[in-house]
Amino acid sequence: MATLLPPPKRPKRYHGVAEPEPEPLKASPNVVVQFVNEHDGTPIAPAVNLPANVAREGLEVLVNQLRTKDDDEHVPFAFHVTLPEEATKPNATTRIVISKSIEVDVLAHASHAFSEEDVLVVCCAPQSVFKVRPATRCSATLSGHSSPILCASFSPTGNLLATGSGDTLVRLWDLYTETPSHALTGHTGWVLCVEWDPLERKLASGGHDGHVRLWDPKTGKPLGDAMKGHSKWVTSLAWEPLHLNPSTPRLASSSKDGTVRVWSTATRKLEYALGGHTASINVVKWGGGGLNGHGVLYTASSDRTVRVWDAREGKQLHILKDHAHWVTTLALNTDFVLRTGPFDHTGKRPLSDEGAQALALKRYTALVSRTPELLISGSDDHTLFLWSLFASSNAEPGGGKTKPLARLTGHQRQVSHVAFSPDGRRAASAGWDSAVRLWDCSGTLDGCAGQLGKFVATLRGHVGPVYRLAWSVDSRMLVSASKDATLKIWDLKTYKIKSDLSGHTDEVYCVDFVADKVVSGGRDRTVKIWKN
């Protein structure tokens, strides 16, 4: 049977009114655009003249053709134009993200800071070649803890989850089946922190009883007795980076008693203790650079100082005294690569310790080759400071600066948490003022580009203090946990909420993000796993 054609369209009738004239196509002006690298401000190609209505996707294709790289891989880019200082309002966004076209987003911007006569400097930021899907639903609610959940951490591969609670238990959860794996008993007080070693062989936990314990995540059994020495509770734990010590990484623990203790995990004996702080140490971080690349310990304390120590000998290198109140949070731009060691988005497992060390070192050096290891400290004085204490990964004594690179202001109340994006280009800070603030850390130390520590945007939406932050692996999204019992996933192209995850019945104390899964825990004693 022959195919029947549809009947012709009925002509539109205007019932005595004259047929309107078809709207003429609006001519789009041509603009001169200079594409520059967001990281160091170097031009990607000479300035080009192009129609202002070219879509963002067209700009991406053009930049990929203009790049002088030999590889044929198509790299996704994000584009933005930085507003001039005179056009920037207080606490407003300092950049215009190009999401549709230059004509719609830049020339028609409410600030009227740009015209078609200007040479538009468009910053190009290469994006991850993979994309994380935003979590939109709760896929599992796991009960088991009988007290509020105080800490949660994914393993480096993302296969396991560890949670610590006020019921003295550490619990392990299998993320493939979303079921309980093991309950680790041994602490006699609240479990305040859990930390995985970079090869996922050991799990460390610290508690209100002042003990540090090591566990085998495969069997759920303790690895020997508790490591005792702290006279008050343990506030934070940090493992030695894998590229410095692949076989038996050491563990640092900080305590309310004002000391940091560094333990040998092979013998479970104390290697050395760091004294000098006059009040509680709130955070310890183990950096991968330092003097001659041997590693460095950063400690933040309620005595208003941040101290920097040589991890090999336990010698004090710097005292940073710029904060005016307790220093409660620290973040390194290398945190993500140090935490995940040799495991990246490809999912390959190293065959030996040496292979794992080589992979971890390659990932670490790739990150610090752009910008040396940066530190951000956040305090109850409502401010943050950005530091670069070692100008390169093999810094000599006296390298880097003991003066802060920038003072990051804007929070109206105490800063509760700060976290760097996995690519090290941006940092986010959460505060008791219910706001999350974004900072640009993508420049270079010589100051020629992307001013380090420049304010980017404020993310508002929570109605209670924001306790914790976690970044997606592709650095395109941020999740925040708050006292208002919700999690919010933020889209960092539009600086707006992408997903509002409500389901907890009380304050959310901890959150972590791995692949396309988000996990959260809090005062309602349940662990929730969120997926797309």
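Leaving aside its neighbours within four places in sequence, which residues is isoleucine 98 in contact with? In this predicted model, the residues are Arg56, Leu59, Phe79, His80, Val81, Asp105, Val106 and Val122.

## The largest nonpolar core

Isoleucine 98 belongs to the largest nonpolar core, which has 23 residues. Val33, Phe35, Phe79, Ile98, Ile102 and Val106 are the members with the most contacts inside this core. Two or more residues come from each of the elements E1, E2, H1, E3, H2 and E5.

## Helix H1 and its cover

Helix H1 runs over residues 56-66, and its buried residues are Arg56, Leu59, Glu60, Val63 and Asn64. Viewed down the axis of H1, these residues fall within an arc of 135°, so they line one face of the helix. A general point of helix geometry applies here: an α-helix has 3.6 residues a turn, so residues three or four places apart point the same way.

The cover over the buried residues of H1 includes four strands and a helix: E1 (30-37), E2 (48-51), E3 (77-82) and E5 (119-126), together with helix H2 (102-107). Two residues of H1, Arg56 and Leu59, are also among the contacts of isoleucine 98.

## Helix H4

Helix H4 covers residues 353-368. Its 16 residues should span 22 Å at 1.5 Å a residue, and the end C-alpha atoms are 22 Å apart, which agrees. The buried residues of H4 are Asp353, Ala356, Ala360, Arg363, Tyr364, Leu367 and Val368. They cover an arc of only 125° around the axis, which puts them on the same side of H4.

The buried residues of H4 pack against helix H3 (335-340). On the face turned away from the buried side, H4 carries the exposed residues Glu354 and Lys362.

## The sheet E11-E12-E13-E14

Four strands make up an open sheet in the order E11-E12-E13-E14, with antiparallel pairing. Strands E11 and E14 (221-222) are at the edges, each pairing on one side only.

Strand E11 (residues 191-196) is joined to strand E12 (residues 203-207) by five bridges, and valine 194 has serine 205 in E12 as its bridge partner. E11 and E12 form a hairpin with six residues between them, and glutamate 200 in the turn has a positive phi of about 65°. At the other edge, two bridges join strand E13 (residues 212-216) to E14, where aspartate 216 stands opposite lysine 221.

## The sheet E19-E20-E21-E22

Another open sheet has four strands in the order E19-E20-E21-E22, again with antiparallel pairing. Its edge strands are E19 (281-287) and E22 (315-320), each of which pairs on one side only. On average, neighbouring strands of this sheet are turned by 20° against each other, direction ignored.

Strands E20 (residues 296-301) and E21 (residues 306-310) pair in the antiparallel sense over five bridges. Leucine 297 has tryptophan 309 in E21 as its bridge partner.

## Strand E31 and its hairpin

How many of the six residues of strand E31 are buried? Five of the six residues of E31 (residues 466-471) are buried, so this strand is largely enclosed by the rest of the structure.

E31 runs antiparallel to strand E32 (residues 477-482), and five bridges join the two. Leucine 469 stands opposite serine 480 in E32. The hairpin of E31 and E32 has five residues between the strands, and serine 475 takes a positive phi near 65°.

Terms used:
Residues numbered from 1 in each chain as written. Predicted model: local features only at pLDDT ≥ 70, side-chain atom pairs only at ≥ 80, totals over all residues. Heavy atoms only, no water. Buried < 20%, exposed > 50% of the residue type's maximum accessible area, 1.4 Å probe, protein only. Arc of directions from axis to C-beta. Contact = heavy atoms within 4.5 Å. Pairing = 2+ DSSP bridges. Axes fitted to C-alpha atoms, helices over the stretch in contact; angles between N-to-C directions. Expected span 1.5 Å × (residues − 1). Core = buried A, V, L, I, M, F, W, Y, C linked by side-chain atoms within 4.5 Å.
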